[in-house]
Amino acid sequence: MSTENWKTYEPVLIPDIKNLHTIEVYEKNGGYNALKSVLTDKKKWPDQKSVINEVKEANIRGRGGAGFNAGLKWSFMPPADGGPRYLACNGDESEPGTFKDRKIFEYNPHAFIEGALIAAYAMEITTIYVYIRGEYRAYIQMMEKAIEDAYRKGFIGKKIFGSPFSVDFYVHSGAGAYICGEETSMLESLEGKRGYPRVKPPFPAQKGLWGRPTTINNIETLAHVTSVINRGAEWFKNVGAATHPGPILYGISGHVNKPGVYELPSGVPVLDLIHDVAGGMRNGKKLKAVIPGGSSTPVLRADQLDGITMDADSLRTVGSMLGTAGMVVMDEDTDMVDVLWRIAHFYHHESCGQCTPCREGTGWLEKILLKIKNGQGEIRDLDLLLDLTTQMEGRTICALADAAAWPVRFTINRFRDEFEARCKKSVHALV
Amino acid sequence: MDYKFTKEDLQEIENLKSRYPEIKPVTLPALWIAQRRFGHVEPEVQKLVADTLGLPEAHVHGVASFYTQYYKEKKGKYVLDVCTCLSCQLCGGYDILHYLEEKLGIKKGETTKDGVFTLNEVECLGACGYAPMLQITNDTYVNHLTKEKVDTLIESLKEDKVPEYEKIEMPLRKNN
């Protein structure tokens, strides 16, 4: 698909169908046919492995930010031994700039539920938990209703569609902690503890919830599974960018005229998303910078964006990442020092405190940036910040320290003049 | 004060137990039930949760203190959590926060003398496209805030009218 074809794309995840969130309307539009197919059509789906292979073939790269092939992740589950196995669906959605999964909860919850059920069948899972951030109270209630309806209709529960497959499905509410979006922290939170990330290995597929095999997938990723089973891996692979295929829910926020969540193929040019899809810059201002996929993905200057598309490979060429595709757009009046300080404040606030480089490092990043923001910084503080980022990155249990370090490193490197202008011009006098 | 769960609360907690292979995971939902019942989870409430579940008080305290949404102390009747993180910062979240500080005569983190409002500055609430915004007492999101909208909100909350859930339609490109 060329980069122009996105203009004619028709949404499949969040199509324009009234009341699709209700199970009746969802069923009328072919809902739960994919689940029925994998459970009953033995010609098409002879075994669980055939389902995993189709999903692997589709190359759904995890939409939670890491971009790992979902089917491949499923294949890491050890063979079933008769004991419990879990699927933990990650609806924690807390990375600044990210607000897409809530659209699935609200507009098409059953596409997600169906995808999760297919995943559960494929991996011989016995219980599914969907972990939703506590702030999303409204969406938690919507999901509880949707799950209840699916139980009532027999899509969840014992011997689904008369097959030997049985599974339970529950909502688990978070209570305000960004770190619980990290997969092992989420498992701790599900187990009723403080959300401290676990040391890997062992990986969740070996030892997850209560020491049992567990797979963790993002909400949008699981919703795509339903489309892949309905339309085939070939269809999915032909939507958007070849190495990062499929539709994506782009969340666009910041200084644009029409912020919101848009379902489009992967690989839409960044500038088209801003100027066409999101209605252009607010108040006719000039574009200054873009954070492409949530606050941890490296910021890009406007002059870096020509020809860059929203997929992992294209963004890598300019030193950034797709992340969650939660794009934050900044206009010419944006103070990059203020923005970076606010991001640093966020990571400091959300560091769980387990690892010293993160607990202390995020605090120092924020403190030094505050000093610079207040005009008290010196040029050498910028180098201190850059040095700090290298001491944090890769030295902790989870990736929060990396997520805190990257924005600092790349924002300073890409807007160095602006940071230097805020620093004191005098040479530090040792008096 | 003597805190007690109602019969319905205890039934809800009992029902939750069947969702998990052990008792510990009920800690988070039980704290939610307690907070909705008492308005906070002060240490005495934490003890009630611990006793009800048969778990050590230290465990419940550890959990309650880790998660920001559990109120470890009494709050105002309406807790206004103003998001100032990234997209909200860009779209004037701090203006809204400062306007509320001025309007309510308190600083962030404080409660008005009459006990009606608590004002907080919070991290990203996942409403980035609808910034600036705030959340009322862990529940309703109020989006696209302006000073006028804040004025109306405060007036209606004073009369105990909590705004309804604001449905935000998916933007349709074909309508461009």
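What follows is a short chat about how the parts of this predicted model fit together. Local features need pLDDT of at least 70, side-chain atom pairs count only at pLDDT 80 or more, and totals for chains, interfaces and linings use all residues. Residues are numbered from 1 along each chain as its sequence is written, while chains are lettered from A and ligands numbered from 1 in the order in which they are written.

Me: What makes residues of chain A and chain B count as in contact?
Reply: Their C-beta atoms, placed from the backbone, must lie within 7 Å. By that rule, 54 residues of chain A are in contact with 37 residues of chain B. The largest share of chain A's side, 6 residues, comes from α13(A); helices (H or I, at least four residues) and strands (E, at least two) are DSSP runs, numbered from the N terminus.

Me: How do you know which domains chain A has?
Reply: The bounds come from an automatic or database domain assignment. For chain A, that assignment gives domain 1 (5-237), domain 2 (247-331) and domain 3 (336-422). Taken over C-alpha atoms, the centres of domain 1 and domain 2 of chain A are 27 Å apart, and 18 residues of domain 1 are in contact with 22 residues of domain 2 in that chain.

Me: Why are β7 and β8 of chain A said to pair?
Reply: Two strands pair if DSSP finds at least two bridges between them. β7 (residues 287-291) and β8 of chain A have 2 bridges, so they pair, in the antiparallel sense. Val290(A) stands opposite Leu300(A) in β8(A).

Me: What makes β6 and β8 of chain A edge strands?
Reply: Each pairs on one side only. The open sheet runs β6-β5-β9-β7-β8 in chain A, with mixed pairing.

Terms used
Two residues are in contact if their C-beta atoms, placed from the backbone, lie within 7 Å.
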